[in-house]
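Trainee: I should like to understand the reasoning behind the terms used for this structure. May we go through them one at a time?

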Amino acid sequence: MTHVVSENCIQCKYTDCVDVCPVDCFREGPNFLVIDPDECIDCAVCIPECPANAIFAEEDLPPEQLAFIKLNADLARANGWKSITKRKTPMADADAWNGKPGKLAQLVR
Ligand code: F3S
């Protein structure tokens, strides 16, 4: 089992989550973060930190977000997706994107 970053992180990338992760399992892409399922210990401390409510335990993912299980696993191993361990400035317009539907189309790999 693992925790999963879901669609509402895209174009927001607030990064509050990475500051609390005890095992540094977040990986960063251009406009999205993922959790490396091989590193995540299911501690759940990142869930309440996300202002976009984008992080779920795998078994709690809303049905329409299930594709993000594989997406997190794939992107965690993708070239260019590097470990991020310190909070940084969110994406420009993060607050405007927070909660918008259909953000998967905006994902930059
Ligand atoms: Fe994304 Fe939320 Fe972390 S928006 S970068 S999962 S704090």
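Mentor: The discussion below concerns a predicted model and takes up its cavities and its ligand.

Trainee: What makes a space count as a cavity here?

Mentor: A cavity is a set of points where a 1.4 Å probe fits but cannot get out. By this rule, the count comes to 2 cavities of 30 Å³ or more.

Trainee: Which residues are closest to the centre of the largest cavity?

Mentor: The largest cavity has a volume of about 100 Å³. It is lined by 16 residues, of which C9, Y14, T15, C17 and C50 are the closest to its centre. By class, that lining comprises 12 nonpolar, 2 polar and 2 charged residues.

Trainee: How do you know where the ligand sits?

Mentor: A molecule sits in a cavity if more than half of its atoms lie within 2 Å of the grid points. The ligand takes up the space of the largest cavity.

Trainee: Why are certain residues said to be around the ligand?

Mentor: They are so described because a heavy atom of each lies within 4 Å of the ligand. The residues are V5, C9, K13, Y14, T15, D16, C17, L33, C50, P51, A52 and I55. This shell has 9 nonpolar, 1 polar and 2 charged residues.

Trainee: What lines the second largest cavity?

Mentor: The second largest cavity holds about 60 Å³ of space. Its lining consists of C21, P22, V23, C25, I35, C40, I41, D42, C43, A44 and C46. Of these, 10 are nonpolar, none is polar and 1 is charged; D42 is the charged one, because Asp is counted in that class.

Key:
Residues numbered from 1 in each chain as written. Predicted model: local features only at pLDDT ≥ 70, side-chain atom pairs only at ≥ 80, totals over all residues. Heavy atoms only, no water. 1 Å grid on protein atoms, 1.4 Å probe; cavity = no way out; pocket = protein on both sides within 12 Å on 5 of 7 lines; lining within 4 Å. Points joined across faces, edges and corners; volume = space filled by probe spheres on them.
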